[in-house]
Amino acid sequence: MIRLFVGLGNPGPEYEDTRHNAGFWWVDSLARQLGVALVADRAYHGFVARANLPDGPIWLLQPQTYMNVSGKSVAALARFFKILPNEILVAHDDLDLMPGQVKLKQGGGHGGHNGLRDIHAQLGSPDYWRLRLGIGHPGVKTEVAAYVLRKPPQSEREAIDNCIDKALSAAQELIRGDMAKATVLVHAQPQRPKPPKPSHAAVVPQAASPPTPASKAD
């Protein structure tokens, strides 16, 4: 069961619509789906919401520590409520996936993502779950820092919003701990409409012409 859903981003209106805040966007959407409100909580250095569900309470968290110190917020809440790393899901922007792509995985490296790097360090474990929201790559490594702190064009934002909606369809499976089914839902490819079958006009057989009678000699 996932007991803590974390969305990564940077605080402040100047960062609100930038690519690096894709994790915030996902947690905002999850809060709306669950009907809860995120409120500031100094004890956990972020915006926090609690949802009381039949399977038990879950928490939503948006660290307000800036991206590079995200682990400070995540570890504070996880330790207080005794939440294990494998009960945590972190939604974050991912340069290795194109806008509109989304992947769910557990464990692994931080891939150079500074928010994940600090969560690794603060939790002392990489075994938490990650929801990787694709934002694309600028193509040049030296441009990455500026790229993630810019607003995506409208077409890319719509693609990211679509993958956020897709991942939300697995929220109940994540909450119940059915990670296999959640992974299938998140990774499912959109079905392409089947081309219509060619219509064949009915062929009406024509009546055979009567044979021409042979001429008789006089």
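Guide: A residue counts as buried when its relative accessible area is under 20%, as exposed when it is over 50%, and as partly exposed in between (1.4 Å probe, protein chains only). This is a predicted model, in which local features need pLDDT of at least 70 and side-chain atom pairs count only at pLDDT 80 or more, while totals for chains, interfaces and linings use all residues. Residues are numbered from 1 along each chain as its sequence is written, and side-chain values use heavy atoms, with hydrogens and water left out.

Visitor: Why does H113 count as buried or exposed, whichever it is?

Guide: The relative accessibility of H113 is 9%, and the limit for buried is under 20%, so H113 counts as buried. H113 is placed in the loop between β6 and α3 (114–123), where helices (H or I, at least four residues) and strands (E, at least two) are DSSP runs numbered from the N terminus. Leaving aside neighbours within four places in sequence, H113 is in contact (heavy atoms within 4.5 Å) with L8, H20, M67, H92 and D93.

Visitor: And what makes A37 buried or exposed?

Guide: A37 has a relative accessible area of 57%, and exposed asks for over 50%, so A37 is exposed. A37 belongs to the loop between α1 and β2, and, not counting residues up to four places away in sequence, A37 touches V48 and A49. The C-alpha atoms of A37 and V48, which are eleven residues apart along the chain, are separated by 8.0 Å.

Visitor: How do you know on which side of α7 the buried residues lie?

Guide: The buried residues of helix α7 (residues 179–187) are M179, A182 and V186. They cover an arc of only 55° around the axis, which puts them on the same side of α7; the arc is that of the directions from the helix axis to the C-beta atoms. On the other side of α7, A180 and V184 are exposed. The cover over the buried residues of α7 includes β6 (102–106), β7 (129–134), α5 (154–168) and α6 (171–176).

Visitor: Why do residues three or four places apart in an α-helix point the same way?

Guide: An α-helix has 3.6 residues a turn, so residues at such a spacing point the same way.

Visitor: What makes a group of residues a nonpolar core?

Guide: A nonpolar core is a set of buried Ala, Val, Leu, Ile, Met, Phe, Trp, Tyr and Cys residues joined through side-chain atoms within 4.5 Å. The largest one here has 37 residues, of which F5, W26, L60, L89, L131 and L133 touch the most other members. Helix α1 (residues 22–34) gives the most to this core, with eight residues. Apart from it lies another core, of 19 residues, among them L61, I88, V90 and Y128.

Visitor: How do you know which strands are the edge strands of the open sheet?

Guide: Two strands pair if DSSP finds at least two bridges between them. The open sheet of seven strands has the order β2-β3-β4-β1-β5-β7-β6, with mixed pairing. The edge strands are β2 (39–41) and β6, since each pairs on one side only.

Visitor: What makes β6 and β7 a pair?

Guide: β6 and β7 are joined over five bridges, in the antiparallel sense, and the rule asks for at least two, so the two strands pair. One of the bridges links Q106 to its partner W129 in β7.
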